[in-house]
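Subject: Structure handover

Hello,

Here is the structure for you to look over. Please open it before you read on.

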Amino acid sequence: MNVGGLPTRTLWLSIDGGAVEIIDQTGLPHAFVTARLASLEDAAHAIRAMQVRGAPLIGATAAWGLWLALRSDPCDAALERAHATLLATRPTAVNLRWALDRMTAHVRPLPASERAAAARALAEKICDEDVALNRGIAAAGLPLIRALAQRKTPGQPVNILTHCNAGWLATVDLGTATAPIYAAHDAGLPIHVWVDETRPRNQGASLTAWELANHGVPHTVITDNAGGHLMQHGQVDLVIVGTDRTTATGDVCNKIGTYLKALAAQDNGVPFYVAVPSPSIDWSLSDGRREIPIEERAGSEVAQITGRLANGTIATVSLLPAGSTVANPAFDVTPARLITGLITERGLCAASALGLRGLFPNRE
Ligand code: MRU
């Protein structure tokens, strides 16, 4: 997507070829800053500290992290250590393991002297593939929005609700849930996006809103609790969210609060779709609620909030009374039965084992 008129990805190889550069998402929406990752530790820190975040981008960053590690030491032990270090950064998004396993399987059989170059080539390929997957999701999701637009009074927008940031900042480019939205907007369909703020880290308010504003897509930021009310009043035509891990049976793990949106959508007859690139499918799991590890993040994310003061400085303030305890599960699981359909790079399918196997017949 463009930033300041220039096509920009969320991570790229530096011009000198010596490092990976990223958009440091912790600065947004107030500051667009980039950071340079020059070592395995830099890459692991960027994922852990959520300078990069979103399932596909976590995977892509980990792929580059393996390259950074092999560049300084290509031996077997260093490869295993890098794999383990990166895998431990965040537990929920399966794209992390997918990318690390793919990279490791590719370089392990090679002589040590060839490993870094092979890792770099595959990391580049994983990034390009991510963009292609998202283009596929855009093509598969666009007809859904077009069909809703045809039922609208001329000039009335299709109202789409999204949660968290499953936009281009969560991927290498284009996004998953936002890919059909950008495609619809670019095709001239009138759309309007309800953006859940997504407490505690506010990925919706800070990142999705920034993205949509940057691309000129009409949108409104709402509190996480407003979606049900809007659905009851006919103000949401479609929900599209992303996923951090989808089971082989179609259960979807995504940012905390997604499940409540799915319940409200079902109660109000609002179609609830999940954009699922295939690297986000964990073919080994069949029961999302029991089997997917849910990241528990620091209580400070709930107890405090960060923003920009009137004088322009960034400040973090406390919200809670002294002595209150805090819980911060970062993801939840939406059962397949609440999901209208999955939007994959190969087309739409039911959120079920049958639906997924129909599109991906070669996967277990
Ligand atoms: O904790 P985050 O910001 O990494 O969580 C991101 C999400 O939950 C996204 O919705 C998900 O990764 C899908 S991104 C295309």
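The notes below cover the ligand site first and the backbone after that.

This is a predicted model: local features need pLDDT of at least 70, side-chain atom pairs count only at pLDDT 80 or more, and totals for chains, interfaces and linings use all residues. Residues are numbered from 1 along each chain as its sequence is written, and side-chain values use heavy atoms, with hydrogens and water left out.

Ligand site

The ligand is surrounded by 19 residues. A residue counts here if one of its heavy atoms lies within 4 Å of the ligand. The closest are Arg90, Gln203, Asp244, Asn254 and Lys255. By type, the shell holds seven nonpolar, eight polar and four charged residues. In that split, Ala, Val, Leu, Ile, Met, Phe, Trp, Tyr, Cys and Pro are nonpolar, Asp, Glu, Lys and Arg are charged, and the others, Gly among them, are polar.

Domain 1 (2-128) and domain 2 (139-359) both give residues to this shell, so the ligand lies between them. The domain bounds come from an automatic or database domain assignment.

Three distances involve oxygen atoms of the ligand and fit the polar contact cut-off (a pair of N or O atoms within 3.5 Å):
- Asn254: 2.7 Å to a side-chain N or O atom.
- Arg53: 2.9 Å to a side-chain N or O atom.
- Ala55: 2.9 Å to a polar backbone atom.

Taken alone, the ligand exposes 410 Å², and the protein buries 100% of that (Shrake-Rupley method, 1.4 Å probe).

α2 (55-72) and β11 (252-255) are the elements that give two or more residues to the shell. Helices (H or I, at least four residues) and strands (E, at least two) are DSSP runs, numbered from the N terminus.

Backbone

Leu28 to Pro29 is a cis peptide bond, with omega near 10 degrees. Pro29 sits in the loop between β4 (20-23) and β5 (34-37). Arg199 to Pro200 is also cis, with omega near 10 degrees. Pro200 is in the loop between β7 (191-196) and α7 (203-215).

Regards

Notes
A polar contact is a pair of N or O atoms within 3.5 Å; within protein, one must be able to donate a hydrogen and the other to accept it, and residues adjacent in sequence count only if both atoms are side-chain atoms.
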